[in-house]
Structure formats: C-alpha cells, structure tokens
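Me: Could you take a close look at a single part of this structure and explain, step by step, how it sits among its neighbours? I am in my first year, so please make the reasoning explicit.

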Amino acid sequence: MHISAKADYAARALLELAREPTRPLTCEAIASSQRIPFRFLKSVVGELRRAGLVRSQRGCEGGYWLGRPADEITLLDVSRVVDGELLTLRGETVATLDYPGAASGLPGVWRRIEADAAAVLGAVTVASLLPADDAPTLAGEGPAGQSAA
C-alpha cells in the first residue's frame, strides 16, 4: 500500500484545524506549522472543503475550520477523499480482479489487504491522533461556538 503525499498532507492539515477549533486557520499558517508546500496544501484543502471535511470563510477574519467534529473524521475518510480507492493494481480496483488458474487465489489476498487497511484507517479519528495536551475542548466548533456541521 502506498500512502500519498496528498493523504499525508490532508491528515496533517486536519490535525492542525482540530487543534485550534475555535478560530480559523489560513493555509499559510497550516503550511508553515506543518512544513507543507503552500500551493500543494491549497489544492488539498480545496478537495477537503468540497468533500465537507473542511469549511471556509473569506475575508480578514476568514480561514478554515473542520467541517465535522474531529471525532467523526477518520483517516479512511481522508484517504478516500484525496486518493479515491485505497488499493489499486495497475489502475484497477482490486474488487474487479479475476485471475485464471494457479493465480486465482491472489485477488482474494489483495481484497483482504484492502479490507484490513480500511478497518485500521476507519478506526482512527483525527481527534484520537491529537496529543492529550492539544485535544480541543470544543472539537468541531467554529467561530463564536457555532457548530461546524
């Protein structure tokens, strides 16, 4: 399994947003804090926004917040938003693989690997990754205590 830079950057951006749920963060601030290339991050955050994992507000008081509470966003959500399928083989999903003869059992192995990876990523939330001293008390809230949902 390959973890893309997009998935890594997306998860790191969401962690920064979860750490500061009461105020918006700019892409510049996230990029600087996480040492992520700004232009790449801007694109990734756009994908997260379109998927509803992040919301935004324009203007001098603007920036980005989580689109859902941090304990409702899993690494599986993040990976699927930015990368699509978890596991592909030569550009095909493993669900469609079918080999003849001696290799007929191999697609089942690839499918189990994908299912196991999905189970692990689906069990890890953004909130669960925050260090205890960074855990927000108002996870998923935006400005003035308004829910980000």
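Reply: A helix is here a DSSP run of H or I with at least four residues, and helices are numbered from the N terminus. The model is predicted. The part chosen is helix α2, which covers residues 27–34.

A residue counts as buried when its relative accessible area is under 20%. In α2, the buried residues are Cys27, Ile30 and Ala31. These residues span an arc of only 95° around the axis, which places them on the same side of α2. The spacing follows a general rule: an α-helix has 3.6 residues a turn, so residues three or four places apart point the same way.

What do the buried residues of α2 pack against? Their partners are α1 (5–19), α3 (38–50) and β2 (63–66). Just after α2, arginine 35 adopts a positive phi of about 55°.

Two of these partners, α1 and α3, are also joined by an aromatic pair. The structure holds 1 such pair. It consists of tyrosine 9 and phenylalanine 40, arranged edge-to-face, with 5.1 Å from centre to centre and 80° between the planes. Because tyrosine 9 belongs to helix α1 and phenylalanine 40 to helix α3, the pair ties together parts that are 31 residues apart in sequence. Are the two rings buried or exposed? Tyrosine 9 is buried, at a relative accessible area of 14%, whereas phenylalanine 40 is partly exposed, at 31% relative accessibility.

The third partner, β2, leads to the strands. Strand β1 (residues 54–57) pairs with β2 in the antiparallel sense, over 4 bridges. One of the links can be named: glutamine 57 has glycine 63, in β2, as its bridge partner. The hairpin of β1 and β2 has 5 residues between the strands, and in this hairpin glycine 59 takes a positive phi near 105°.

Helix α1 has a further role in the picture, at the largest pocket, whose volume is about 220 Å³. Both α1 and α4 (75–83) give two or more residues to the lining of this pocket. The lining has 14 residues, and those nearest the centre are Ile3, Ala7, Asp8, Ser79 and Leu121. Helix α4 gives the most to this lining, with 4 residues.

To return to the chosen part: the buried residues of α2 lie on the same side of the helix, and they pack against α1, α3 and β2.

Technical notes: Residues numbered from 1 in each chain as written. Predicted model: local features only at pLDDT ≥ 70, side-chain atom pairs only at ≥ 80, totals over all residues. Heavy atoms only, no water. Buried < 20%, exposed > 50% of the residue type's maximum accessible area, 1.4 Å probe, protein only. Arc of directions from axis to C-beta. Contact = heavy atoms within 4.5 Å. Phe/Tyr/Trp six-rings, centres within 6.5 Å; stacked < 30°, edge-to-face > 60°. Pairing = 2+ DSSP bridges. 1 Å grid on protein atoms, 1.4 Å probe; cavity = no way out; pocket = protein on both sides within 12 Å on 5 of 7 lines; lining within 4 Å. Points joined across faces, edges and corners; volume = space filled by probe spheres on them.
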